[in-house]
Amino acid sequence: MSRTRLTVVLSQAQGKNPAKRALEESICAALIMEPGLDVSVVPYLYDLDANHTGRLFLEGVQGDMVVLTWLYPRACFWLLDRDGIKGHFGESQLKPADTDEDDEEASEPEPPKGIGSVEVPDRHIYCLDLRDFNKHEPYIDEVRRIARECKDRREAKLKQWVQGNPTMVQLGSYLRDSEQPVNGKEHPTFQPEELLKQPGRRWYPVIDYSRCTNCMECIDFCLFGVYGVDKLDRILVENQDNCKRGCPACSRVCPEQAIIFPDYKTPAIAGAPVGAITGLKIDLTKLFGGDAQDALQQAALERDRELVNDGRDAVGMTVGMPKRQTGKDQGPKDELDQLTDALDALDI
Amino acid sequence: MQDLTFMMGNFAAELPGDLRYATTNHMWCRAADGHLRFGFTAYAVRLMQDVYFLDWVVNPGDTVTQLQQIGHIETSKAVADLFAPVGGTIVAFNQELLKDPSGINVDKYGAGWLFEMAGDAGICKDVQEYHQFLADNWEKTQRLIKGKINTED
Ligand code: SF4
Ligand code: SF4
């Protein structure tokens, strides 16, 4: 079988932080010793544009993949999805060292209420956050575990296939993704120097489609032509590089917290996990005297600043503000609701 | 003035009677060496829980206006921007906390102080007024915590 190997991609940190480089190097050195892995290194994922060799490489990867990045897994996963590097979200079992028992209670996630991705091939993409540990061992252990999990999954599927009754879809995708090179082409090989060419910094929103309900608030709000829709009329971050560096305004406007700015300072906006209490931090800014502005006012101010920088007129809250708060309480509870329930239970 | 206790559910937040309080910032204020020393109240610390990271975006000597952003905090349960409780000049930050911010959890009314300012503490309230403020806003605060991140309450 040609695709029994697991592709592992390490995406480097921006800049030259020696501690980060050291971790990256020790992880790579250890991974290379592992059997059954294809290990590659690319620069900081978020900065790769469509022409970067690292992107082309990732686009060519078939089968299951593990991506180690200095990003939250959600940010990494949906960033790849936007770039057409799609798969099912592989659950990592890595737990940062400082999470306490609260996390263990995080129950089965509710079915997502977002519109999800489309044309997802039958493979899994696992995103591991390099900020969770400062030594390589936990990552190596987790990659080994994932390799086993992928192998078991493949074997289970193969058994099902041999025993008959695969639906057409399963059969088609199984063959396409796991057995045959697309268009008869083998995955091209890339020179390490090209793969590692340092890209310029980029800044743009990433939509988490597991949360996004396609409400279109963001496209109404952004006045810089960043958002568009695809052929299926689904919201799309169409012109990524039209976005204004440092501006996270539309993430505050999204009623579902579906818009991630992976490099923003606040974990909630940078794509911190929504399942775990300790992972998701509540923004108490309002409580400490920041209540002069609410999130929408803040978003409008941030947008005005960018408009003025562009030599345009500020619009304040007169354009594209959400008509929000309708039917908020309907629908099944999601992880964020569970989080707040858990806070209730703390009885503060 | 007498010490007071504010009940946050089952948790008793102690409010020393000899301090003044910047109510909207949930900071206490004490006059020390001609300066004003500020720190978090037990109420604030209980909401945030273990402090992991504290960062200031202004420097000693800087003049700040009331409610200007001066820093950022990350705890086990929350993140928040921090704002100047009064207008004036920043005199010093507690250097110990920059090394280990958990001092805030250990001794919030003592060694866990945050910063010192030169300014007018006139807008700070006494313990009774702060207690009343907490009581008046308790409903709203619970709603804020329950309200989703980044959204209106
Ligand atoms: S505002 Fe949020 S939920 Fe609505 S379309 Fe945009 S990303 Fe999706
Ligand atoms: S951050 Fe600002 S410029 Fe960028 S997409 Fe959002 S609203 Fe548009």
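## A tour of the helix pair, sheets and ligand shell

Start with H1 and H4 of chain A, whose crossing is right-handed. Bear in mind as you click around that this is a predicted model.

**Stop 1: the helix pair in chain A.** Select residues 18–32 of chain A for H1 and residues 137–162 of chain A for H4; the two pack with their axes 9 Å apart, at an angle of about 40°. That angle makes H1(A) oblique to H4(A). Now show side chains at the contact. From H1(A), pick A:Leu23, A:Ile27, A:Ala30 and A:Leu31; they meet A:Tyr139, A:Ile140 and A:Val143 of H4(A). What sort of residues make up the contact of H1(A) with H4(A), nonpolar, polar or charged? Seven are nonpolar, with no polar and no charged residues in the contact.

**Stop 2: the chain A sheet.** Stay in chain A and color the strands. You'll find an open sheet of five strands, paired in parallel and ordered S2-S1-S3-S5-S4. Which strands are at the edges? Look at S2 (37–42) and S4 (88–90) of chain A, each of which pairs on one side only. Tilt the view along the sheet to see the twist, which averages 25° from one strand to the next.

Next, zoom in on S3 (residues 65–69) and S5 (residues 124–129) of chain A, which run parallel and are joined by five bridges. Label A:Thr69 here and you'll see A:Asp129 of S5(A) opposite.

Two helices are worth switching on over this sheet. Select residues 73–82 of chain A to get H3, which packs on the sheet and touches S3, S4 and S5 of chain A; the direction of H3 makes about 140° with that of S5(A). Then bring back H4(A), already met at the first stop: H4(A) packs on the sheet too, touching S1 (6–11), S2, S3 and S5 of chain A, and its direction makes about 170° with that of S5(A).

**Stop 3: around ligand 1.** Center on ligand 1 and show what surrounds it. The first stretch to pick out is A:Cys212, A:Thr213, A:Asn214, A:Cys215, A:Met216, A:Glu217 and A:Cys218; add A:Ile235, A:Cys254, A:Pro255, A:Glu256 and A:Ile259, and you have the residues around the ligand. How does this shell divide by residue type? Eight of its residues are nonpolar, two polar and two charged.

**Stop 4: the chain B sheet.** Switch to chain B, where an open sheet of six strands runs in the order S3-S4-S5-S11-S10-S7 with antiparallel pairing. The edge strands, S3 and S7 (63–64) of chain B, each pair on one side only.

Walk in from the S3 edge. S3 (residues 20–22) and S4 (residues 27–32) of chain B are antiparallel partners over three bridges, with B:Arg20 opposite B:Cys29 of S4(B). The pair forms a hairpin with four residues between S3(B) and S4(B); click B:His26 in that turn, where phi is positive, at about 55°.

Move on to S5 (residues 35–40) of chain B, which pairs with S4(B) in the antiparallel sense over six bridges. B:Ala32 sits opposite B:His35 of S5(B). Here is another hairpin, with two residues between S4(B) and S5(B), and B:Asp33 in the turn has a positive phi of about 50°.

Finish on the other pairing of S5(B): S11 (residues 115–119) of chain B is its antiparallel partner over three bridges. The pair to label is B:Arg37 and, opposite in S11(B), B:Glu116.

How values were computed:
Residues are numbered from 1 along each chain as its sequence is written. Chains are lettered from A and ligands numbered from 1 in the order in which they are written. This is a predicted model: local features need pLDDT of at least 70, side-chain atom pairs count only at pLDDT 80 or more; totals for chains, interfaces and linings use all residues. Side-chain values use heavy atoms; hydrogens and water are left out. Axes are lines fitted to C-alpha atoms, for helices over the stretch in contact, and angles run from 0 to 180 degrees between N-to-C directions. Angles under 35 degrees count as roughly parallel, over 145 as roughly antiparallel, 65 to 115 as roughly perpendicular and the rest as oblique. A crossing is left-handed if the near helix is turned anticlockwise from the far one by less than a right angle, and right-handed if clockwise. Contact means heavy atoms within 4.5 Å. Ala, Val, Leu, Ile, Met, Phe, Trp, Tyr, Cys and Pro count as nonpolar, Asp, Glu, Lys and Arg as charged, and the others, Gly among them, as polar. Two strands pair if DSSP finds at least two bridges between them. A residue is near a molecule or strand if one of its heavy atoms lies within 4 Å of it.
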